[in-house]
Amino acid sequence: MPYLDIAREAITGSSLNVLKMAAIVIPLMIFVEIFKELNWLDRLTSIMAPITRLIGIPPEGNLPLLSGLIFGISYGSGLIIQSSREGKLTLEDIFLINLFLVMCHSLFEDTLLFAAIGARWVLILILRLIIAISFCSLMSRIYKKRRVYSVTSSNE
Amino acid sequence: MVPFSTIKQGFMNGLKVTWELTKVVVPVYISVTILKYTPVLPWISKHMEPVMKLVGLPGEASLPLVLGYCVNIYAAIGAITPLNLNIKQITIIAAMLLLAHSLPMETAINKKTGVRVTGLVVLRLLVGFAIAVGLNIFI
């Protein structure tokens with residue numbers, strides 16, 4: 001019965017996926033709360049400042065960005081969902097983080113998978129970083145320009 | 001010392017976010033699993049065969065590409081292995097797949113954060129293709 005096999009694959013696969021997410025998201029969120037409690041966010045911000053300034057993402061976006069880069073899009077998005085629930089990120093910030101992460105995420109796992117079959121992974125990794133940084137900084141510049149225009153036009 | 005309430009808060013946030021992601025992941029995972037057993041993916045990949053030439057890949061390489069785009073990287077790698085591609089070709093297909101993969105799942109998750117996602121998907125596919133063309137010429 002192929003339908004039964006498909007159903008079984010869908011159910012076990014999606015449950016495993018959810019369990020894997022819980023196994024990363026819950027410790028990650030606990031870590032984030034501890035991080036905030038100890039005021040380590042400032043330290044992280046100063047380390048990441050050269051890149052985040054270039055791509056126009058505010059300090060509140062550091063943790064989503066970093067966890068997306070390390071663990072993958074779901075986890076970056078999980079932290080975006082949490083931060084936006086706390087009202088810390090604007091829609092523009094959220095778009096920029098998404099823009100960066102779609103090009104460049106899960107740097108260890110995904111890269112390793114292709115390294116294992118012989119791809120020139122260093123080259124690809126560098127290209128992905130360059131692409132993500134360029135698109136993001138371009139988009140943040142467009143946003144900035146648009147904000148300046150909307151301020152000047154409202155003054156008139 | 002970190003107070004227990006901090007850890008509890010983190011745990012609760014983790015549960016809430018896991019639940020939010022579950023609502024996206026489960027339906028998409030089920031749909032993609034069903035899609036995998038329909039003739040849709042082979043059909044798309046058959047129509048993509050001519051495009052493969054533009055990036056220096058053999059026509060058969062369209063199947064792992066479509067599997068990677070629609071399902072995930074593991075499915076793509078499973079389909080790359082029997083093709084006997086050389087290092088250059090593997091690098092090209094790897095670049096395309098690293099820029100765009102698991103599109104139904106990742107796009108649904110992007111959408112959950114509240115942004116418009118059509119542009120993001122198109123951008124991933126186009127940039128992946130452009131990089132592949134470039135790699136085919138320069139490496």
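In this predicted model, the elements of chain B follow the order α-α-α-α-α-α-α from the N terminus onward. Chain B thus presents a secondary structure of seven helices and zero strands.

**Dimensions and packing**

The C-alpha trace of chain B extends about 60 × 35 × 30 Å along its principal axes. Its radius of gyration is 19 Å, whereas a compact globule of 139 residues would have a value near 14 Å. Of the 139 residues in chain B, 43% are classed as buried. When contacts within chain B are restricted to residues at least 6 apart in sequence, 65% of them join residues at least 24 apart.

**Interface with chain A**

Contact between the two chains involves 43 residues of chain B and 46 residues of chain A. Five elements of chain B, listed below, each give two or more residues to the side that touches chain A.

| Element of chain B | Residue range |
|---|---|
| Helix 1 | 4-36 |
| Helix 4 | 73-80 |
| Helix 5 | 87-99 |
| Helix 6 | 103-112 |
| Helix 7 | 118-138 |

Among these elements, helix 1 of chain B gives the most to the side that touches chain A, contributing 19 residues. By residue class, the side of chain B that touches chain A comprises 26 nonpolar, 13 polar and four charged residues.

In summary, chain B is built of seven helices and zero strands, and its radius of gyration of 19 Å stands against the value near 14 Å for a compact globule of 139 residues. On the side of chain B that touches chain A, helix 1 gives the most residues.

Terms used: Residues numbered from 1 in each chain as written. Chains lettered and ligands numbered in written order. Predicted model: local features only at pLDDT ≥ 70, side-chain atom pairs only at ≥ 80, totals over all residues. Helix = DSSP H or I, 4+ residues; strand = E, 2+ residues; numbered from the N terminus. Rg over C-alpha atoms; globule rule 2.2 N^0.38 Å. Buried ≥ 20, exposed ≤ 12 C-beta atoms within 10 Å, placed from the backbone. Contact = placed C-beta atoms within 7 Å. Nonpolar A, V, L, I, M, F, W, Y, C, P; charged D, E, K, R; others polar.
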